[in-house]
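Good morning, colleagues. Please bring the sequence and the structure up on your screens, and I shall begin as soon as they are displayed.

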Amino acid sequence: MKSCIIYHSYSGVTRGIAEKINAACGGDLIEVKPKDNYSTLSAYSVGCIRARKEACDPISPDTIDVSLYDLIIIGTPVWAWKATPAINGAIVALKGCEGKNAVIFATCGSSAKDTLPIMKSALEKKGVRVSGEIVLNKSEISGNEKINDLITMVRAAADRV
Ligand SMILES: Cc1cc2nc3c(=O)[nH]c(=O)nc-3n(C[C@H](O)[C@H](O)[C@H](O)COP(=O)(O)O)c2cc1C
């Protein structure tokens, strides 16, 4: 069973969760970055408007070939109650993902609203089956319980493939 953990992280929180999944369950870490970096000002102005519109940023890497993986884990920070434009770009950039299983997660300050349902629907349109989803808010990120729930979810998904 081979898995990858695809994530975007503006300030390091989502990267930290991705690294905890990697430490507990293995999996290749694939960090996605927007080709045009956001400043603090442009993240809240341009980035949030793009997130609200569910726009896709041009990202590095240009394509993410997941054909060799059995399980895909995707993590996003929440911007303006939605996934970041970089993660929207990552979903578009997925290649070889049809029929694959996925677990998705989001980190946020307080509320993710429709972030994960929208991500799930975008993935399902590409033929990906999302078997687990979890949101971690600021207090849950500093504790262990929700992170352990996420790790349990990843292990269960890995056992099923
Ligand atoms: C531009 C921007 C917009 C944000 N919008 C939201 C939001 O709508 N809801 C929320 O709960 N947190 C929001 N946050 C907080 C982040 O989602 C949260 O701190 C997240 O864990 C950061 O992950 P990262 O360090 O991997 O970038 C926002 C942060 C930024 C920088």
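On helix α6, the face turned away from the buried side carries the exposed residues Glu 145, Asn 148, Ala 156, Asp 159 and Arg 160. Please bear in mind that this is a predicted model. The buried residues of α6 are Ile 147, Leu 150, Val 154 and Ala 157. They lie on the same side of the helix, because the arc they cover around the axis is only 85°. Among the elements that cover these buried residues are α1, β6, β9 and β10.

As for the length of α6, residues 145–160 make 16 residues, so at 1.5 Å a residue the helix should span 22 Å; the end C-alpha atoms are 23 Å apart, which agrees.

I turn now to the largest nonpolar core, which has 45 residues. Those touching the most other members are Ile 6, Ile 72, Ile 73, Ala 90 and Ala 102. Two or more residues each come from β1, α1, β6, α3, β9, α4, β10 and α6. Strand β6 provides the largest share, six residues. Leaving aside residues up to four places away in sequence, Ala 102 touches Ile 72, Ile 73, Ile 74, Leu 123, Val 128, Arg 129 and Val 130.

Finally, the ligand. Which residues come nearest to it? Of the 21 around the ligand, they are Ser 9, Ser 11, Val 13, Thr 14 and Pro 77. At least two residues of this shell are supplied by each of α1, α2 and β6, and α2 gives the most, with four. By class, the shell comprises 11 nonpolar, nine polar and one charged residues.

Terms used. Residues are numbered from 1 along each chain as its sequence is written. This is a predicted model: local features need pLDDT of at least 70, side-chain atom pairs count only at pLDDT 80 or more; totals for chains, interfaces and linings use all residues. A residue is near a molecule or strand if its C-beta atom, placed from the backbone, lies within 6 Å of it. Ala, Val, Leu, Ile, Met, Phe, Trp, Tyr, Cys and Pro count as nonpolar, Asp, Glu, Lys and Arg as charged, and the others, Gly among them, as polar. The expected span of a helix is 1.5 Å times one less than its number of residues. A residue is buried if 20 or more other C-beta atoms lie within 10 Å of its own, exposed if 12 or fewer, and partly exposed in between; C-beta atoms are placed from the backbone. The arc is that of the directions from the helix axis to the C-beta atoms. Two residues are in contact if their C-beta atoms, placed from the backbone, lie within 7 Å. A nonpolar core is a set of buried Ala, Val, Leu, Ile, Met, Phe, Trp, Tyr and Cys residues joined through C-beta atoms within 7 Å.
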